[in-house]
Amino acid sequence: MASIAEYYAGKSVMITGATGFMGKVLVEKLLRSCPEVKALYILVRPKAGQSMQQRVSDMMKCKLFDRVREDDPDFHQKIIPISSELTQPSLAISPEDVQRLTACINVVFHCAATIRFDEPLKHALQLNVMATQQLLSLAQQMHHLEAFIHISTAYANCNRKHIDEVIYPPPVEPRKLIESLEWMDESIVLDITPRLIGDRPNTYTYTKALAEYSVQQEQDRLPIGIIRPSIVGASWQEPFPGWIDNFNGPSGVFIAAGKGILRTMRANNDAVADLIPVDVVINLTLAAGWYTAVHRPKTALVYNCTTGGINPFHWGEIVLGTNPLEQAFRRPNANITSNYLINQYWILVSHKFPAFIYDLFLRLSGQKPQMMRIFNRLHKAISLLEYFSSQDWEWSSENMSMLMGQLAPDDRKTFNFDVRQLNWPEYIDNYCIGTKKYVLNEDMSDIPAARQHLRKLRNIRYTFNTLLVVFIWRVFIARSQMARNIWYFVVSLCFKFLSYFRASSTLTK
Ligand SMILES: CCCCCCCC/C=C\CCCCCCCC(=O)SCCNC(=O)CCNC(=O)[C@H](O)C(C)(C)COP(=O)(O)OP(=O)(O)OC[C@H]1O[C@@H](n2cnc3c(N)ncnc32)[C@H](O)[C@@H]1OP(=O)(O)O
Ligand SMILES: NC(=O)C1=CN([C@@H]2O[C@H](COP(=O)(O)OP(=O)(O)OC[C@H]3O[C@@H](n4cnc5c(N)ncnc54)[C@H](OP(=O)(O)O)[C@@H]3O)[C@@H](O)[C@H]2O)C=CC1
């Protein structure tokens with residue numbers, strides 16, 4: 001039987017979302033570990049004033065592709081960009097490109113999605129559900145299609161506590177919802193969104209559940225596999241440890257905590273932090289593509305791609321990196337609590353009060369205040385994540401184990417998704433270094449300067465605390481007789497204790 005690399009040799013692969021976090025890792029891994037792959041057709045849109053071509057050539061210059069570049073400096077020749085805006089009719093792919101794709105594509109990886117938790121329902125539906133449906137129609141026209149792999153999320157069914165590798169009945173028939181929202185204007189949709197999403201926390205998980213159902217509907221006509229990763233984090237091993245390029249999920253939290261901005265967050269210390277490294281997800285995805293094409297399972301297989309059931313790690317076990325970030329606002333000291341009131345207390349004391357003082361300082365020195373605004377955004381972002389950090393889910397992962405069992409020993413190494421070997425403290429450390437190097441573009445050689453800055457912050461804190469004590473002493477102690485009496489009582493008590501200990505230690509000598 002063909003190994004994974006042998007299977008992809010000579011194949012034409014189509015990828016949506018190739019410019020995204022996971023898409024890029026998928027493209028890189030395919031090129032590096034399946035060097036005989038024929039062509040990668042990536043669906044890309046122009047964005048932020050940049051043409052599609054410009055975006056793709058920028059992407060290929062990215063450090064992520066260093067290893068591929070070393071192996072094959074002409075690797076870009078295998079990447080064929082196809083202009084496409086997924087929210088448009090027919091995905092805005094030109095008829096000529098449709099013809100090209102339907103004639104040659106063997107495998108489709110559908111990664112594109114909006115992953116924002118605050119996405120308006122209509123847009124989330126357009127991209128996550130309707131674009132998926134259009135892509136399925138396109139796939140049906142492909143003459144040589146052998147596998148259609150859809151990237152979902154382990155949280156598509158987060159309204160359940162135990163999640164099996166099955167497609168659950170959707171909250172609503174997608175086509176009916178699309179039809180009924182079509183005529184409504186944005187404000188009405190916004191009003192009814194909470195009723196529609198019901199016991200799911202956001203439009204993202206809701207629309208991903210509808211997308212899964214839409215994909216499953218085609219299982220008799222297409223060779224389908226569905227991957228459900230949990231919280232996708234920096235790479236574990238490949239192409240190098242700690243690669244990450246965004247602020248999503250834990251990355252943003254690690255950065256905000258490392259900069260000393262985030263000091264408190266609501267999370268359950270004992271709940272499983274179901275992080276999954278991006279390279280593990282991509283290895284499983286490629287293996288699932290191979291399995292779907294080679295073994296042709298009768299129905300669409302769902303792969304829960306999670307760590308909690310295999311190698312559990314808890315939010316309370318996270319220890320943030322020892323390599324400080326540059327220009328921290330305060331010394332990093334983030335704590336998590338599951339108690340709402342305690343969290344609110346620390347938000348007031350450790351977030352809002354310092355922000356107020358700092359903004360006051362900025363105002364007094366003629367600058368524009370900014371800290372309160374930053375904290376308001378941080379609180380909004382954190383409030384959207386807390387749902388996931390405060391609860392536990394259980395995912396079954398039989399299909400992941402089955403797939404591992406199907407791989408040849410060499411494939412098991414090259415496309416490793418065995419998370420039993422994952423050492424969490426080491427992984428989190430590399431993750432933090434990755435956010436520093438690749439997200440914030442900070443240089444590791446600046447660490448001594450960052451440490452020096454932290455020492456300066458510590459001295460500022462000591463000075464501030466001393467001044468605060470003196471101030472309180474002046475205001476309360478010096479002006480009230482009762483406070484003065486209490487103060488003298490406390491001081492004399494301390495003095496007596498001190499004399500007693502000094503006397504008893506001289507006696508024992
Ligand atoms: C002691 C420590 C304890 C640790 C505890 C860890 C807790 C972790 C907890 C729980 C994680 C759970 C996660 C569950 C996951 C589920 C799994 C999935 O299936 S999907 C993936 C998840 N998806 C998201 O994570 C999207 C979440 N994000 C959002 O929805 C939005 O970003 C939101 C609402 C949070 C904020 O939206 P805005 O509009 O305020 O901000 P914006 O657009 O994101 O960007 C802010 C600024 O940052 C820049 N920015 C963003 N990405 C950048 C980048 N890569 N490079 C440079 N700048 C970037 C942007 O340009 C912007 O800057 P300018 O204001 O425009 O100047
Ligand atoms: N990151 C995570 O923690 C998790 C992610 N997932 C799933 O994995 C998949 C990939 O996620 P991730 O890589 O993190 O997401 P990103 O946001 O990094 O990437 C999204 C991709 O989709 C593309 N895209 C978005 N809108 C359109 C559009 N209208 N037309 C064409 N392309 C578009 C983006 O292109 P552009 O660059 O042009 O914006 C980008 O390439 C998603 O399906 C997500 O649901 C599942 C679990 C966890």
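This is a short dialogue on reading features of a predicted model.

Student: Where do I start with the overall fold? How many helices and strands are there in the protein?

Tutor: Start with the inventory. The protein has 18 helices and 13 strands. Then take the dimensions. The C-alpha trace spans about 90 × 55 × 45 Å along its principal axes.

Student: What share of the 509 residues is buried?

Tutor: Buried residues make up 38% of the 509. Look at contacts too. Among those with a separation of 6 or more, 84% join residues 24 or more positions apart.

Student: Which residues does UniProt give for the "Thioester reductase (TE)" domain?

Tutor: Treat that as a record's statement. The unreviewed UniProt entry places the domain at residues 15-284. In the model, that stretch is 41% helix and 14% strand. Its end C-alpha atoms are 16 Å apart.

Student: Now the ligands. Which residues are the closest to ligand 1?

Tutor: Read a ligand shell in three steps: who is there, which elements supply them, and what their chemistry is. Ligand 1 is surrounded by 28 residues. Thr-153, Asn-248, Gly-249, Ala-381 and Phe-388 are the closest. Two elements give two or more residues each: helix H10 (249-258) and helix H13 (371-389). H13 gives the most, with 6 residues.

Student: How do the residues around ligand 1 divide by chemistry?

Tutor: The shell of ligand 1 holds 19 nonpolar, 5 polar and 4 charged residues.

Student: And ligand 2? Which residues come nearest?

Tutor: Use the same steps. There are 27 residues around ligand 2. Gly-17, Gly-20, Ala-112, Ala-113 and Val-232 come nearest. Helix H2 (21-33) and strand E8 each give two or more residues to this shell. The largest share comes from H2, with 3 residues. By chemistry, the ligand 2 shell divides into 12 nonpolar, 11 polar and 4 charged residues.

Student: H13 came up at ligand 1. How do I read its packing with helix H12? At what angle do they pack?

Tutor: Check the angle, then the distance between axes. H12 (residues 340-364) and H13 pack at about 155°, and their axes are 8 Å apart. Angles over 145 degrees count as roughly antiparallel. H12 and H13 are therefore roughly antiparallel to each other. On the H12 side, the contact is made by His-351, Lys-352, Ala-355, Phe-356, Tyr-358 and Asp-359. H13 brings Met-371, Met-372 and Phe-375. These contact residues divide into 6 nonpolar, 1 polar and 2 charged.

Student: Next, the backbone. Is the peptide bond from Glu-238 to Pro-239 cis or trans?

Tutor: Read omega. The bond from Glu-238 to Pro-239 has omega near -10°, and it is cis. Pro-239 lies in the loop between strand E8 (231-233) and H10. Both of those elements have appeared above: E8 at ligand 2, and H10 at ligand 1.

Student: Which phi does Ala-48 have?

Tutor: Look at the sign, then at the residue type. Ala-48 has a positive phi of about 45°, although it is not a glycine. It sits in the loop between strand E2 (39-44) and helix H3 (52-61). Arg-296 also has a positive phi of about 45°, and it is not a glycine either. Arg-296 lies in the loop between helix H11 (278-295) and strand E11 (301-305).

Student: Is Ala-48 buried or exposed?

Tutor: Count neighbours. A residue is exposed if 12 or fewer other C-beta atoms lie within 10 Å of its own. Ala-48 has 5, so it is exposed. Arg-296 has 10 C-beta neighbours inside 10 Å, so it counts as exposed.

Key
Residues numbered from 1 in each chain as written. Chains lettered and ligands numbered in written order. Predicted model: local features only at pLDDT ≥ 70, side-chain atom pairs only at ≥ 80, totals over all residues. Near = placed C-beta within 6 Å. Helix = DSSP H or I, 4+ residues; strand = E, 2+ residues; numbered from the N terminus. Nonpolar A, V, L, I, M, F, W, Y, C, P; charged D, E, K, R; others polar. Buried ≥ 20, exposed ≤ 12 C-beta atoms within 10 Å, placed from the backbone. UniProt positions renumbered as here; feature names shortened; annotations may be inferred. Contact = placed C-beta atoms within 7 Å. Axes fitted to C-alpha atoms, helices over the stretch in contact; angles between N-to-C directions. Parallel < 35°, antiparallel > 145°, perpendicular 65-115°, else oblique.
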